[in-house]
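Subject: Structure handover

Hello,

Here is the structure I promised to pass on. Please open it alongside this note.

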Amino acid sequence: MALLLPNPQVIPSSSSSSSSSCYYRRPSNRPCRRLSVQNSLGLSNSVSTKTKSSKKRVQIEADSDAISILNERIRREQRKESAAPMEAEEADKYLELVKQQQQRGLQKLKGDLSYKVDPYTLRSGDYVVHKKVGIGRFVGIKFDNAIEYVFIEYADGMAKLPVKQASRLLYRYNLPNENKKPHTLSKLNDTSVWERRKTKGKIAIQKMVVDLMELYLHRLKQRRPPYPFTPAMAHFVSQFPYEPTPDQKQAFVDVDKDLTGRETPMDRLICGDVGFGKTEVALRAIFCVVSAGKQAMVLAPTIVLAKQHFEVISQRFSIYPNIKVGLLSRFQTKSEKDEHLDMIKNGHLDIIVGTHSLLGSRVVYNNLGLLVVDEEQRFGVKQKEKIASFKTSVDVLTLSATPIPRTLYLALTGFRDASLISTPPPERVPIRTHLSAYSKEKVLSAIKYELDRGGQVFYVLPRIKGLEEVMEFLEQSFPDIEIAIAHGKQYSKQLEETMEKFSQGTIKILTCTNIVESGLDIQNANTIIIQDVQQFGLAQLYQLRGRVGRADKEAHAHLFYPEKSLLTDQALERLAALEECCQLGQGFQLAEKDMGIRGFGTIFGEQQTGDVGNVGIDLFFEMLFESLSKVDEHRVVSVPYCSVEIDMNINPHLPSEYINNLENPMEIIHEAEKAAEKDIWSLMQYTENLRRQYGKEPHSMEILLKKLYVRRMAADIGITKIYASGKMVFMKTVMNKQVFNLITDSVVSDVHRNSLVFEGDQIKAELLLELPREQLLNWIFQCLAELHASLPSLIKY
């Protein structure tokens, strides 16, 4: 298989001299590594007596040498990589694991999601994508000669197609940023622009596929000893006071297999509604890791949720005096924080609970084994990146009721393990959801009903600004009832005391922001009122609704919006989805609907938004899933080194003084061939050792080395023969056109990218003029270095 090489750090130069620097120069913003003159250039001690200008000239020659530049790039990449490239057999094994995992995800996805649109659900003015024609505007469905047609407006006319055909070929045009309007409509009479847009999207998709595969491969390559199953685990499990539900039992089995049955770190999503037992799954994972002498970190998005986790964990582990639990929060004084940080660093805390402060540079773990992330969607971009960085070295368990589209997507496509807990505990009753326009009478009636049965009420607003006004209104309406305000900008102690009083039942109505979205488990609070519901996201509303109904009492969620005429189509879709998902355990289905409404733009980052915008989200992802199912087509298959032919009559003679300087010239040439036959790392190391021992080789020896490099790189990327005829260079290859497009799309050098063409079973390049043999070898060397370095992540294997 082709080997891992970094991105090229060289760009074309306008110089046309015959030296290797005639095609490339180092960018000015990348400082060259200053090699030791004695060791790297092999000059005698007399070099110290040379003038400064002579030193400078020697250094420039070293820096401009193409082999030095290539070797330095390989060294840089080797320092960045945590593991060496895989051997072909190992790569085959891992790729098969990835394919199996991905196929499981695709089977589920195909069963649950469809991206084509039902024409009858379209409204006049909606934008649609026809697979062959492009983007148009839906006008309506009308009968014409007793046949029902869909009418679509394009830039240069109106098209009609039978409804059955439309249901096979039409997709909604959605964009990641919730803007559904395309820049332009496609033309019926000129589909070339649309084909170019589709091709651009396809190339972007292929890159995503290989990036996803690389991500998963990287995780599979990590190693840690499986955790032992100890008798103490059975004792810990027996302390769980409830009978687990079937889904919960399966989640226990899944996590147990991840931790004790394999050597690769876990990265599992546990998706289940509030109160369905996700925490118990996490507790068992924590016990398994901590009892093996490692630390566990529990990361929560809010201090309220972090404190609740701390209390639950402390209570559950109270019978194990040797296991120390700590909470790191803004409620602590500086000295308390410093003490906790010191305990974490020295391994005196086994379980550390906290908010995003746990991800800071000041927190140094002694022996971290497990990261538990609760409601990952509540963290910011930087925190998510930090969380992702942990996944390469520790086991990660993510808990969520409504996973973000990216998380859900990765789970569905099989690139992330997932366990769904959708069966509710036996005593749980579905929450009754009431959606209506706001009125004071309805609000007061809902609150009175809950207070009359001895319960408590959450009153949630989207912003801090309106809390005081609502508080005054409630105090006037219920003068004898204890009411309080809670939001994230309050002083730590004040917020903590308010939450404590509400959990104890002293405060009957809590007027708050969505700070209570995650983690507040108040058995007696069974009514929640959410005002200005249109300003909340779908996942937020689902989470907020889950704050009530934790006991066996019937709970009520009252969602109030202003006049419907003020709501956007997006807001109406969200509310309709929430009404539809009123049964227990439907958080996962709701997240799927959220994907459809919000789109997938946050999955791969903003840089792909343009690629998605070319064809719309639905067609984009259908193309992606199609590409995933043909992942083998994205792979470069290397060829044996000995099978590569370099049909160029270059056999330079080494100078006699250089030969005399070598201890055993024939043996040294033979060793160079052996190194090249093994892999490019060996050839690079051999070349550097040769230069350290004998100094910078003469021009003729450099040509010999370049021939070895050319042959080695050609073998790695599946090129079997290289030859030239006049101004044309030909490279016979086993790679396919998709892989060629992926590689050349990433090539830095415009000169090489624009000159290469793929035809049949070979890559062709037309030069501006017929080059002398040595210059031609230099061109081929630089061209292959560019191609080799531009292999996307996956296909390097």
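Below is what I found, taken element by element.

One caveat to begin with: this is a predicted model.

**The sheet**

Start with the open sheet of 6 strands. Its order is β15-β20-β19-β16-β18-β17, and the pairing is parallel. The edges are β15 (432-437) and β17 (483-486). Each has a single partner strand, so one side of each has no neighbour in the sheet. On average, neighbouring strands here are turned by 20 degrees against each other, direction ignored.

At the β15 edge, the partner is β20 (residues 556-561). The two run parallel and are joined by 6 bridges. For a landmark, find S436: F560 in β20 stands opposite.

**Helices across the sheet**

Two helices are worth a look here. Helix α14 (residues 440-452) lies across β15, β16 (456-460), β18 (509-512), β19 (525-530) and β20. Against β19, α14 runs at about 170 degrees. Helix α15 (residues 467-477) lies across β16, β17 and β18. Its angle to β17 is also given as about 170 degrees.

**Helix α24**

Next, go to α24, residues 680-694. Does its length fit, or not? At 1.5 Å a residue, its 15 residues should span 21 Å. The end C-alpha atoms are 21 Å apart, which agrees.

How many of its residues are buried? The count is 11 of the 15, so α24 is largely enclosed by the rest of the structure. Among the buried residues are nonpolar side chains such as I680, W681, L683 and L690. E688 and R691 are buried too.

Both ends deserve a check. At the start, a side-chain oxygen of D679 comes to within 3.1 Å of the backbone nitrogen of W681. After the helix comes G695, with a positive phi near 85 degrees.

**The cores**

The largest nonpolar core has 66 residues. Which members touch the most others? They are I286, F317, I351, L397 and F458. Helix α9 (residues 278-290) gives the most to this core, with 9 residues.

L397 is a good place to zoom in. Leaving aside neighbours within four places in sequence, L397 is in contact with residues including V255, M266, I270, V281, A282 and A285. The contacts of L397 also include R268 and the run L370, L371, V372 and V373.

Another core lies apart from this one. That core has 58 residues, among them I703, I719, F740 and L776.

Best wishes

Definitions and conventions. Residues numbered from 1 in each chain as written. Predicted model: local features only at pLDDT ≥ 70, side-chain atom pairs only at ≥ 80, totals over all residues. Heavy atoms only, no water. Pairing = 2+ DSSP bridges. Helix = DSSP H or I, 4+ residues; strand = E, 2+ residues; numbered from the N terminus. Axes fitted to C-alpha atoms, helices over the stretch in contact; angles between N-to-C directions. Contact = heavy atoms within 4.5 Å. Expected span 1.5 Å × (residues − 1). Buried < 20%, exposed > 50% of the residue type's maximum accessible area, 1.4 Å probe, protein only. Polar contact = N/O pair within 3.5 Å; in protein donor to acceptor, adjacent residues only side chain to side chain. Core = buried A, V, L, I, M, F, W, Y, C linked by side-chain atoms within 4.5 Å.
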